[in-house]
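Reader: Please take me through one part of this model closely. Pick one strand and its surroundings, then work outward from there.

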Amino acid sequence: MQQTNLNDFINKIQNDPTLSDAHKAKVLQNAAALKDTKVNILITGGTGVGKSSTINALFGMDKAKVGMGVNPETMDIKKFELSNITLWDSPGLGDGKEADVRHSKGIISKLLEKDDKGDLLIDLVLVILDGGSRDLGTSFELITNVIIPNLGNDNKRLLIAINQADMAMKGRNWDYEKNEPLPPLVKFLDEKVESTRKRILEATGVDVTPIYYSAGYQDESGSQQPYNLSKLLAFILRHTKQEKRIVFAEEINRDPKMWQKDENVEKHQKEIKDSFLESLMKVVGEGVEILADKVVDFIKEGGRWLLGKLFGR
């Protein structure tokens, strides 16, 4: 988006004879600021919950730079850098008492870290739970004792997602040919979402509703495409500050097959597209309200291009 669709948008602005040079300059100034807009996401969860497969599905990690935590307190946290998004991959609890203490300190340190503007560095915390496990005690301990007490006043930064939905009933009631859950499994997963929500609410007073999905996989034994990945991305964008949502457009996986299997694909992909367009409108249109109608028209044209590029339409 920032490299292609945004450039098309800027060219339209520059070539519009009805706009003043001052208005054109303001739009260009706003658009240039996108290059410095960063999103930091802390991803955590127990071993084997599918953090890596989730990251790969969402972003296609062949373009990511890999590093470690930048200070001793976060040395166990892996850092994946895209152009405008940084992913902090932290171990969850459950690796032994000593390791749990170290991981907890690392997560707390990262949650309290400030950027060069004095704002909290981490925009979102994505906690991934194992849909195939009944024992989520260590994950709830992580959420209730480590993450929520260190979120400050912004609990909207916390997202909880249940991965491996296909294994929630030990592989039963999953239609592998269609890559989707059958009604008994949907009922089971809905109940798991609600029980998780209630457990966290009772323990912390924070009301957060998880979603479920399957990140899919690809290995020597075969492959399975994701399920509800569009829903997961819409979920992430919903919790991201509006002015930052647009940076995801250039970063997300460009393989349309990754986004197709979803409980309500049209709804979620529309929400994604609208989130991108509203974010772009807010960023590039700020201070140029007189251009609102033109900007909306330009963005709508870009929206059709964007939807086709992202979702293969």
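Author: Lys 78 has Asp 89 in S4 as its bridge partner. This is a predicted model, so read every value here as computed from it. The bridge belongs to the pairing of strand S3 (residues 78-81) with S4, which is antiparallel and runs over four bridges. Three residues separate S3 and S4, and the two strands form a hairpin.

S4 has another partner. S1 pairs with S4 in the parallel sense, over seven bridges. In that pairing Gly 45 stands opposite Pro 91 of S4.

Stay with Asp 89. This residue lies in strand S4. Is Asp 89 buried or exposed? Its relative accessible area is 9%, under the 20% cut-off, so Asp 89 counts as buried. Its side chain makes a polar contact with the side chain of Lys 51, at 3.1 Å. Beyond residues up to four places away in sequence, Asp 89 touches Ile 43, Lys 51, Ser 52, Ile 55, Asp 76, Ile 77, Lys 78 and Phe 80. Lys 78, the bridge partner of Asp 89, is thus among the residues that Asp 89 touches.

Now the whole strand. Seven of the seven residues of S4 are buried, and the strand is mostly covered. In a regular strand, side chains alternate between the two faces of the sheet. In S4, Ile 85, Leu 87, Asp 89 and Pro 91 point one way. Thr 86, Trp 88 and Ser 90 point the other way. Both sets are buried.

Next, the core. Ile 85 is one of four residues that touch the most other members of the largest nonpolar core, which has 41 residues. The others are Phe 59, Leu 232 and Phe 248. Several elements give two or more residues to this core. The strands are S1 (39-45), S4 (85-91), S5 (124-130) and S6 (158-163). The helices are H3 (51-59), H7 (229-238), H8 (248-251) and H9 (265-285). H7 gives the most, with seven residues.

Phe 248 shows how these elements come together. Leaving out residues up to four places away in sequence, Phe 248 touches Val 39, Ile 41, Phe 59, Ile 85, Leu 233, Ile 236, Leu 237, Thr 240 and Phe 276. Ile 85 in that list also belongs to S4. A second, separate core has 34 residues, including Ile 77, Leu 129, Met 169 and Ile 200. Ile 77 also appears among the contacts of Asp 89.

Why is H7 described as largely enclosed by the rest of the structure? Nine of its 10 residues are buried. They are Leu 229, Ser 230, Lys 231, Leu 232, Leu 233, Ala 234, Phe 235, Ile 236 and Leu 237. Leu 233, Ile 236 and Leu 237 of this set are contacts of Phe 248.

Step out to the charged pairs. The structure holds 14 salt bridges. Glu 180 and Lys 261 form one, with the closest N and O atoms 3.4 Å apart. This pair links distant parts of the chain, 81 residues apart. Glu 180 sits in strand S8, and Lys 261 in the loop between H8 and H9. Glu 180 is partly exposed, at 26% relative accessible area. Lys 261 is partly exposed, also at 26%.

Glu 194 and Arg 197 form another salt bridge, at 2.8 Å between the closest N and O atoms. These residues are three apart in helix H6 (residues 183-204), so about one helical turn separates them. Glu 194 is partly exposed at 30%, whereas Arg 197 is buried at 16%. Asp 207 joins Glu 194 and Arg 197 in a network of salt bridges. A further salt bridge connects Arg 254 and Glu 250, at 3.9 Å from N to O. Here Arg 254 is partly exposed, at 33%, and Glu 250 is buried, at 18%.

Two loop residues have unusual backbone entries to check. Asn 173 is not a glycine, yet has a positive phi of about 60°. Asn 173 lies in the loop between S6 and strand S7 (174-175). Asn 179 is also not a glycine and has a positive phi of about 55°. Asn 179 lies in the loop between S7 and strand S8 (180-181). Asn 173 is partly exposed, at 26%, while Asn 179 is buried, at 7%.

Last, the whole chain. It has 10 helices and 11 strands. Of its 313 residues, 52% count as buried.

Terms used. Residues are numbered from 1 along each chain as its sequence is written. This is a predicted model: local features need pLDDT of at least 70, side-chain atom pairs count only at pLDDT 80 or more; totals for chains, interfaces and linings use all residues. Side-chain values use heavy atoms; hydrogens and water are left out. A nonpolar core is a set of buried Ala, Val, Leu, Ile, Met, Phe, Trp, Tyr and Cys residues joined through side-chain atoms within 4.5 Å. Buried means under 20% relative accessible area, exposed over 50%, partly exposed in between (1.4 Å probe, protein chains only). Contact means heavy atoms within 4.5 Å. Two strands pair if DSSP finds at least two bridges between them. A polar contact is a pair of N or O atoms within 3.5 Å; within protein, one must be able to donate a hydrogen and the other to accept it, and residues adjacent in sequence count only if both atoms are side-chain atoms. A salt bridge is a side-chain nitrogen of Lys or Arg within 4 Å of a carboxyl oxygen of Asp or Glu.
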